[in-house]
Amino acid sequence: MNKKKQWFWTILIIIYVGFIFQNSLTPAAESSRQSGRVLAIILSVFRTIGLNGDMVTEHLVRKMAHFTEFSLFGLLLWNCLRVRMLPRKLWIVMHLWLAMMVPLMDETFQLFTEGRSGQISDVWLDISGVMFGSFCMICAWYLCKKLKKKRAGGNIKRSAVLQTRRNGKAERRD
């Protein structure tokens with residue numbers, strides 16, 4: 001793969017991991033205000049469409065933020081490692097190692113942040129998010145590969161039909 005793509009994905013993932021760690025270093029009071037604002041938006045949307053939002057709590061918003069943040073990390077990680085064209089075993093080991101280390105470091109940073117605490121349950125939630133994001137990318141990659149193969153197969157069949165028609169004097173011009 002192209003070196004520019006490798007650098008692009010590497011820099012992008014470094015910036016994103018910095019964003020994750022910056023969120024972990026946000027003091028509890030500010031983090032709670034941010035979650036409260038998101039909760040207010042979600043409840044407003046629920047009311048607008050006529051639903052009761054009683055089941056949506058700040059705790060749920062925080063957990064969904066963890067999962068979503070790390071799902072995007074999984075998506076970026078998958079792409080970053082994919083463009084490197086690593087041997088399969090090394091790719092898997094690197095992916096799993098980073099999928100565990102970044103959440104562990106994230107929760108460890110929270111131990112040193114005012115009013116925050118690192119939670120083992122959040123580590124598992126974060127790892128689940130990474131795996132979900134990676135799984136989504138694997139599915140997207142597989143579907144794209146299948147579509148390309150189908151298109152290529154269709155073009156081959158079409159070319160064969162045109163060639164047969166040419167040989168049999170029946171020619172179709174596109």
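In the predicted model, Arg62 and Glu58 both belong to helix α3, which spans residues 58-82. The two residues are 4 apart in that helix and are therefore separated by about one helical turn. A salt bridge links Arg62 with Glu58, and the closest N and O atoms of the pair are 3.6 Å apart. Arg62 is partly exposed, with a relative accessibility of 25%. Glu58 is likewise classed as partly exposed, at 25% relative accessibility.

Helix α3 also contributes Lys63 to a salt bridge with Asp122, in which the closest N and O atoms are 2.5 Å apart. Because Lys63 lies in helix α3 and Asp122 in helix α5, this pair ties together parts that are 59 residues apart in sequence. The relative accessible area of Lys63 is 23%, so this residue is partly exposed. Asp122, by contrast, is buried, since its relative accessible area of 5% falls under the 20% limit. Side chains of opposite charge can pair when their charged atoms come close.

A further salt bridge occurs between Glu30 and Arg33, whose closest N and O atoms are 3.0 Å apart. These residues stand 3 apart in helix α2 (residues 28-48), so about one helical turn separates them. Both partners are partly exposed: the relative accessible area is 25% for Glu30 and 48% for Arg33. The model contains 4 salt bridges by the rule applied here.

The protein chain holds 5 helices and 0 strands. Its elements accordingly follow the pattern α-α-α-α-α when read along the sequence. Of the 174 residues in the chain, 30% are buried. Among contacts between residues at least 6 apart in sequence, 69% join residues that are at least 24 apart. The chain exposes about 12,000 Å², and carbon and sulfur atoms supply 68% of this area.

Contacts between residues that are distant in sequence are illustrated by Tyr16, a residue of helix α1 (residues 3-24). Tyr16 counts as buried because its relative accessible area is 12%, under the 20% limit. When neighbours within four places in sequence are left aside, Tyr16 is in contact with Glu69, Leu72, Phe73 and Leu76. One of these partners, Phe73, is 57 residues from Tyr16 in sequence, yet the C-alpha atoms of the two residues are 7.3 Å apart in space.

Two patches were identified on the surface, one nonpolar and one positive. The nonpolar patch consists of Ile92, Leu96, Met100, Leu104 and Met131, which together have about 390 Å² of accessible area. Helix α4 gives the most to this patch, with 4 residues. Met100 is placed in helix α4. With a relative accessible area of 42%, Met100 is partly exposed.

The positive patch is formed by Arg88, Lys145, Lys146 and Lys149. Here helix α5 (residues 120-167) gives the most, with 3 residues. Arg88 is found instead in helix α4, which covers residues 88-111. Arg88 counts as exposed because its relative accessibility is 70%, over the 50% limit.

The backbone at Met85 was also examined. Met85 lies in the loop between α3 and α4. Although Met85 is not a glycine, its phi is positive, at about 55°. Most residues other than glycine have a negative phi. Met85 is also exposed, as its relative accessibility of 57% is over the 50% limit.

Definitions and conventions
Residues numbered from 1 in each chain as written. Predicted model: local features only at pLDDT ≥ 70, side-chain atom pairs only at ≥ 80, totals over all residues. Heavy atoms only, no water. Buried < 20%, exposed > 50% of the residue type's maximum accessible area, 1.4 Å probe, protein only. Contact = heavy atoms within 4.5 Å. Patch = residues over 30% accessible without salt bridge, like charges linked within 9 Å, V, L, I, M, F, W, Y side chains within 5 Å. Areas by Shrake-Rupley, 256 points an atom, 1.4 Å probe, with all protein chains shown as cover. Salt bridge = Lys/Arg side-chain N within 4 Å of Asp/Glu carboxyl O. Lys, Arg positive; Asp, Glu negative; His and termini not counted. Charge placed at Lys NZ, Arg CZ, Asp CG, Glu CD.
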